[in-house]
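User: I should like to learn how to read the side-chain features of a protein model. Please take me through them one at a time.

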Amino acid sequence: MANKYFAQLDENNIVIRTGLVDEGSAASEAKGEAFLRSLYKEPNAIWKQYDKYTVNNTQSKGETPFRGNSAMIGGEWDEANQVFWHVAPFPSWVKEMSNYSWQAPVAYPSANQTAGYSIFWNEADQRWDAVKFSDESKWAWDPDTGTWIAR
């Protein structure tokens with residue numbers, strides 16, 4: 001029997017708990033929700049089914065994506081779009097509706113610009129920073145010129 005994954009939501013649609021239910025107890029989402037309400041003795045709890053293999057609206061096993069993303073504690077249920085959102089990596093990042101992912105306000109450097117660097121988002125300066133592997137020098141990404149600038 002296959003397992004099904006569920007997320008419990010609080011009154012603000014934030015995921016507060018996740019659970020695993022065998023298919024026999026969750027033949028449908030409604031039955032899974034009823035099972036979990038009974039199990040946790042919370043008759044009014046809201047549970048939504050999710051797929052742990054779906055991230056950014058892509059299913060890693062090649063199956064049909066389900067609800068945008070897997071649920072995570074602290075993540076958000078988007079009732080209007082019927083999808084889960086992971087926790088935003090940084091406050092400045094915005095929702096990308098085409099694939100239900102979070103996007104930085106500055107585009108990530110292209111693949112040919114990332115080799116040899118350890119890259120990370122700098123929230124304070126709203127930019128991509130990097131450390132060069134070869135000499136541990138520090139760099140900042142300039143999206144206007146498409147180059148790294150020494151810091």
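User: Which residues form one aromatic cluster?

Analyst: The model is a predicted one. In it, a single aromatic cluster is formed by Phe-90, Trp-93, Tyr-108, Trp-121 and Trp-128. Across the structure there are 14 aromatic pairs.

User: How is one such pair of aromatic rings described?

Analyst: Two quantities are used for a pair of aromatic rings: the distance between the centres and the angle between the planes. Here, Tyr-40 and Trp-47 offer a case: their ring centres are 5.7 Å apart and their planes stand at 15 degrees, so this pair is stacked. The reasoning rests on a cut-off, since planes under 30 degrees apart count as stacked.

User: Are the two partners, Tyr-40 and Trp-47, buried or exposed?

Analyst: The general idea is to compare the relative accessible area with two limits: under 20% is buried, over 50% is exposed, and values in between are partly exposed. Trp-47 has a relative accessibility of 1% and is therefore buried. Tyr-40 has 33% and is therefore partly exposed. For the protein chain as a whole, buried residues account for 36% of the 151 residues.

User: What lies over the face of Tyr-40?

Analyst: A charged side chain may be read against the face of a ring by its distance from the ring centre. Arg-17 lies over the face of Tyr-40, at 4.0 Å from the ring centre. A second case is Lys-61, which lies over the face of Tyr-53 at 4.2 Å from the ring centre.

User: Which residues make the nonpolar surface patch of about 260 Å²?

Analyst: Tyr-40 appears again here, together with Phe-35 and Leu-39; these residues make a nonpolar surface patch of about 260 Å². Phe-35 is placed in helix H1, residues 29–39. With a relative accessibility of 31%, Phe-35 is partly exposed.

User: How many salt bridges does the whole structure hold, and which residues are linked in a network?

Analyst: A search of the whole structure finds seven salt bridges. A network of salt bridges links Asp-125, Arg-127, Asp-129 and Arg-151. It may be read pair by pair. Asp-125 and Arg-127 meet through their side chains at 3.5 Å, N to O. Arg-127 also forms a salt bridge with Asp-129, where the closest N and O atoms are 2.5 Å apart. Asp-129 in turn forms a salt bridge with Arg-151, with the closest N and O atoms 3.8 Å apart.

User: Why does the pair of Asp-129 and Arg-151 tie together parts that are 22 residues apart in sequence?

Analyst: Asp-129 lies in strand S11 (residues 127–132), whereas Arg-151 lies in the segment after strand S13 (147–150), so the pair ties together parts that are 22 residues apart in sequence.

User: Which members of this network are buried, and which are partly exposed?

Analyst: Asp-129 is buried, with a relative accessible area of 1%. Asp-125 is partly exposed at 45%, as is Arg-127 at 24%. Arg-151 is likewise partly exposed, at 46%.

User: What is the secondary structure of the protein chain, and how does its radius of gyration compare with that of a compact globule?

Analyst: The chain comes to one helix and 13 strands. From the N terminus, the elements run β-β-α-β-β-β-β-β-β-β-β-β-β-β. For overall dimensions, the radius of gyration is set beside a reference: a compact globule of 151 residues would have a value near 15 Å, but this chain has 20 Å. Along the principal axes, the C-alpha atoms fill a box of roughly 60 × 30 × 25 Å.

Notes: Residues are numbered from 1 along each chain as its sequence is written. This is a predicted model: local features need pLDDT of at least 70, side-chain atom pairs count only at pLDDT 80 or more; totals for chains, interfaces and linings use all residues. Side-chain values use heavy atoms; hydrogens and water are left out. Rings of Phe, Tyr and Trp (its six-membered ring) pair if their centres lie within 6.5 Å; planes under 30 degrees apart count as stacked, over 60 as edge-to-face and the rest as tilted. Buried means under 20% relative accessible area, exposed over 50%, partly exposed in between (1.4 Å probe, protein chains only). A charge sits over a ring if NZ of Lys or CZ of Arg is within 6 Å of the ring centre and within 35 degrees of the ring normal. Patches are made of residues with over 30% relative accessible area and no salt bridge: like charges are joined within 9 Å, nonpolar side chains (Val, Leu, Ile, Met, Phe, Trp, Tyr) within 5 Å. Accessible areas come from the Shrake-Rupley method with a 1.4 Å probe; for residues, only the protein chains shown count as cover. A salt bridge is a side-chain nitrogen of Lys or Arg within 4 Å of a carboxyl oxygen of Asp or Glu. Helices (H or I, at least four residues) and strands (E, at least two) are DSSP runs, numbered from the N terminus. The radius of gyration is taken over C-alpha atoms; the globule rule is 2.2 Å times the number of residues to the power 0.38.
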